[in-house]
Amino acid sequence: MTDKINLRTAEYNIFRVIAKNPERKMPYRALVSASGYAPKSFSNHLHYLVTSGVVTKSGPLQKQTIHAVLFMTDVQVGPVTRRPSVAHNNSKPKAAPIKKKRNCLKCREKFWIEHKNNWICKGCKSSVAWTECAGAA
Ligand SMILES: [Zn+2]
């Protein structure tokens, strides 16, 4: 098994409380006190466990129950490189660069196109003839 989910120590400790429970679930509030973490940092840790698919929440907001989805053998304490950032990620995905070759309409040489309407190679574009005729095209 190489695809264990890396957790921070705090998240691992919280998950262990749930996973070691005979029913593999814990009422939210009981879990907070069992974990020993402050409610605010606890909710951050729990959020990560939920978004990673390690645990799920069920029930009404005030009386939630936390269920273990994975097992202790599925997780490990390790470096967490990529944390899900649902609220803070506003950046749009960049368009993938075109990686395609095409024959230049002018010199017939193969060249890497820069965009889909790129029909003339760089060499021809920078030539005087192209620069002069471009406006008329
Ligand atoms: Zn060309």
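This text walks through the structure shown above, from its overall plan to a few individual residues.

Let us begin with the whole protein. What you see is a predicted model, so each residue carries a confidence score called pLDDT, running from 0 to 100. The average pLDDT of the protein is 86, and 80% of the residues reach at least 70. Confidence varies from element to element: strand E4 has the highest mean, at 97, while helix H5, residues 128–133, has the lowest, at 62. Keep E4 in mind, as we will meet this strand again.

Now for the parts list. The protein contains 5 helices and 7 strands. Starting at the N terminus, you can follow the elements in the order β-α-β-α-α-β-β-β-β-β-α-α. Of the 137 residues in the protein, 14% are buried. Contacts can also link residues that are distant in sequence: counting contacts between residues at least 6 apart, 47% join residues at least 24 apart.

Next, look for the sheet that includes E4. Which strands make up this open sheet, and in what order? There are 3 strands, arranged as E2-E4-E3, and their pairing is antiparallel. E2 and E3 are the edge strands, since each of them pairs on one side only. On average, neighbouring strands in this sheet are turned by 20° against each other, ignoring direction. As a general point, strands of a sheet pair through backbone hydrogen bonds, either parallel or antiparallel.

We can take the two pairings in turn. E2 is joined to E4 by 3 bridges, and within this pairing Met26 has Ile66 in E4 as its bridge partner. On the other side, 4 bridges join E3, residues 55–58, to E4, residues 65–68. Here you can find Ser58 opposite Thr65 in E4. E3 and E4 also form a hairpin, with 6 residues between the two strands. Gly59 lies in the turn of this hairpin and has a positive phi of about 95°.

The sheet has a helix for company. H1 packs on the sheet and touches E2, E3 and E4; the direction of H1 makes about 85° with that of E4.

H1 also meets another helix. The axes of H1, residues 9–20, and H3, residues 39–51, come within 9 Å and cross at roughly 75°. Because of that angle, H1 is roughly perpendicular to H3. Which residues meet where these helices touch? From H1 come Ala10, Glu11, Ile14 and Phe15, and from H3 come His45, Leu46, Tyr48 and Leu49. Sorted by class, this contact has 6 nonpolar, 1 polar and 1 charged residues.

Finally, let us zoom in on two arginines. Most residues other than glycine have a negative phi. Arg24, however, has a positive phi, near 55°. You will find Arg24 in the loop between H1 and strand E2. Is Arg24 buried or partly exposed? Arg24 has 14 other C-beta atoms within 10 Å, so Arg24 is partly exposed. Arg108 is not a glycine either, yet has a positive phi of about 70°. The loop between strand E6 and strand E7 is the place to look for Arg108. With 9 other C-beta atoms within 10 Å, Arg108 counts as exposed, because the cut-off for exposed is 12 or fewer.

Key: Residues numbered from 1 in each chain as written. Predicted model: local features only at pLDDT ≥ 70, side-chain atom pairs only at ≥ 80, totals over all residues. Buried ≥ 20, exposed ≤ 12 C-beta atoms within 10 Å, placed from the backbone. Contact = placed C-beta atoms within 7 Å. Axes fitted to C-alpha atoms, helices over the stretch in contact; angles between N-to-C directions. Parallel < 35°, antiparallel > 145°, perpendicular 65-115°, else oblique. Nonpolar A, V, L, I, M, F, W, Y, C, P; charged D, E, K, R; others polar. Pairing = 2+ DSSP bridges. pLDDT = per-residue confidence, 0-100.
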